[in-house]
Structures are given as structure tokens and as C-alpha cells.
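Let's take a walk through this model together, starting at the ligand and then stepping back to the whole fold. Have your viewer ready.

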Amino acid sequence: MRKPIIAGNWKMHNTIAEGMKLIRGLIPLVKGVKDVDIVVCPTATALAVVTSTLRGKNIQVGAQNVHWEKDGAYTGEIAAPMLKEIGVKYAIVGHSERRQYFGETDEGVNKRARAAFAAGITPIICVGESLATREKGTYLRFVARQVRLATNGFQPEEAAKLVLAYEPVWAIGTGKTATFEQAEEVCAHIRQTITRLFGAAAGDKIRIQYGGSVKTATIRGLMEKPDVDGVLVGGAALKAVDFSQIVKFQ
Ligand code: PGA
């Protein structure tokens, strides 16, 4: 069985002080939760202090991006070994906001994912279609292509350890959640795509999240779906109580 993974993406929210307040509120609320991998993804400035505060606790830390080179002249970027040094375990890669506002390409997403993995950091690779693509009816093909390009060059046993997040762009920050059936349809298609590319074992093991306006009211219905192994949460991850309820599927 796949262990559920629930991740909170703070995006460009929370100073260190605000982030620490959120973490201090969250720790007791999720104490004792063992059957779910819990991840928080703060902004870069808060990564080190949040990671050291959470050491030994049941909450892991993820970065919101990672660069493909180990070091070099890449102003504004952070290398995977630097994240590894402070104890970061995950890195979101290819979030639609990165693709949309910062020109990230499928090729770059793949390079970032591979560098993270090589450094021992699990990439959470985001894919998802725009509203126009959904309305055109070509979204399954579109998402499968994103998955294929993002996972290019991984070995089957490596692919099995990745996390993929299906985040339809039209549902992010819009309050418009995909229906449980829409989430399941694409998550199942992503799993089939991984099976086709890397074999049945990888398809069976890889964890696939849904993301886009996830809230306490929708978490149960999403987690009941067989191919949804967790969620990537934006807005609702900024409140300790809401996020803890999502972590507990309440
Ligand atoms: P949202 O963001 O939950 O605020 O829609 C999700 C995400 O972008 O990961």
C-alpha cells in the first residue's frame, strides 16, 4: 500500500516569525500521526530554521524549487546539495506558477527533478492543464506528455520513488476544486502513463497527489479515490488547524 503524502505549499507567504508561529501551532495538532507523510514547504528564508525546529518530529520540510546545477553563476537559485545540507527532504518542481510566471520549461523541470533526486531529495513534480486545454478535451494527452518529459532519464526503481502532483491550473487558488471524479480520472491516467513508461512496479508504487483549492471539506472525498495518494495544499496550508485537519482527512 502507498503511504499518503500531504504537503503544504506556503508559496510566497509567511515571514520567518509567521512561519514559526504556524509550525508551533501545527506540531501539537498532528502529533501522533504516523500513517501519513506530512510535508511543509516554506519560503527560502525560513527553510533552515523550520527544518531545525522540526528535526525529530513527524513533519518533513520541502523547498518550493531547486536548481539543476550543484553550484555556479545562477543568481537567485538554490542548489540541491544546499537544501540537503539543512535537512530538506522534498522539493516541489514545475509548479504551474513557476511555469506560467517564470518561464520554466518541461526540460528544465526534468533537470531540476533529476538533480534533486540525485542529491537525495524527493521531487514533487507538478503537472496539470489550463482551462483552455481542459475545454478542448485534450487534457489527458497533455498531462501524460508533461509526465513523460518530466520523468525522462529516470530508472524504473527511481521513478517509483517520485511524487507527482496533478494540479489543474484552473483549480489553483481559484476556489474551484476539481470534482473527485475529475481528480481520479487524471491521477489514474498519470499512473497508467508511469506504468507504460517504467513498468507495473513503478506505476504501483509511485505516489500521486491532487492539488488545487483543497480544503477540509474536500479532503475525505479526494482521499477515497484509489489513485489519489495525497494532496498538495496551498491556501489551506497557511492555517495550522485547517492543515492539520487535512492531514487527518477530517
Ligand atoms: P491552492 O494551491 O490550494 O491555494 O489552490 C495549490 C497549489 O498551488 O499547490
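Which of the 14 residues around the ligand come nearest? In this predicted model, they are Lys11, His95, Glu167, Gly173 and Ser213. If you sort the whole shell by class, you find 5 nonpolar, 7 polar and 2 charged residues.

Now zoom in on the polar contacts. Histidine 95 takes part through its side chain, with a polar atom 2.7 Å from an oxygen atom of the ligand. Two glycines use their backbone instead: a backbone N or O atom of glycine 173 lies 2.6 Å from a ligand oxygen, and for glycine 234 a backbone N or O atom lies 2.8 Å from an oxygen atom of the ligand. With these neighbours in view, look at how the ligand is covered: on its own it has 280 Å² of accessible area, and the protein covers 94% of that. The site itself is the second largest pocket, where the ligand sits.

Finally, zoom out to the protein as a whole. Its secondary structure comes to 12 helices and 8 strands. The radius of gyration is 17 Å, close to the 18 Å that the globule rule gives for 250 residues, so the protein is as compact as a globular protein of that length. Along the principal axes, its C-alpha atoms fill a box of roughly 45 × 45 × 35 Å.

Note on methods: Residues numbered from 1 in each chain as written. Predicted model: local features only at pLDDT ≥ 70, side-chain atom pairs only at ≥ 80, totals over all residues. Heavy atoms only, no water. Near = heavy atom within 4 Å. Polar contact = N/O pair within 3.5 Å; in protein donor to acceptor, adjacent residues only side chain to side chain. Areas by Shrake-Rupley, 256 points an atom, 1.4 Å probe, with all protein chains shown as cover. 1 Å grid on protein atoms, 1.4 Å probe; cavity = no way out; pocket = protein on both sides within 12 Å on 5 of 7 lines; lining within 4 Å. Sits in = over half its atoms within 2 Å of the grid points. Nonpolar A, V, L, I, M, F, W, Y, C, P; charged D, E, K, R; others polar. Helix = DSSP H or I, 4+ residues; strand = E, 2+ residues; numbered from the N terminus. Rg over C-alpha atoms; globule rule 2.2 N^0.38 Å.
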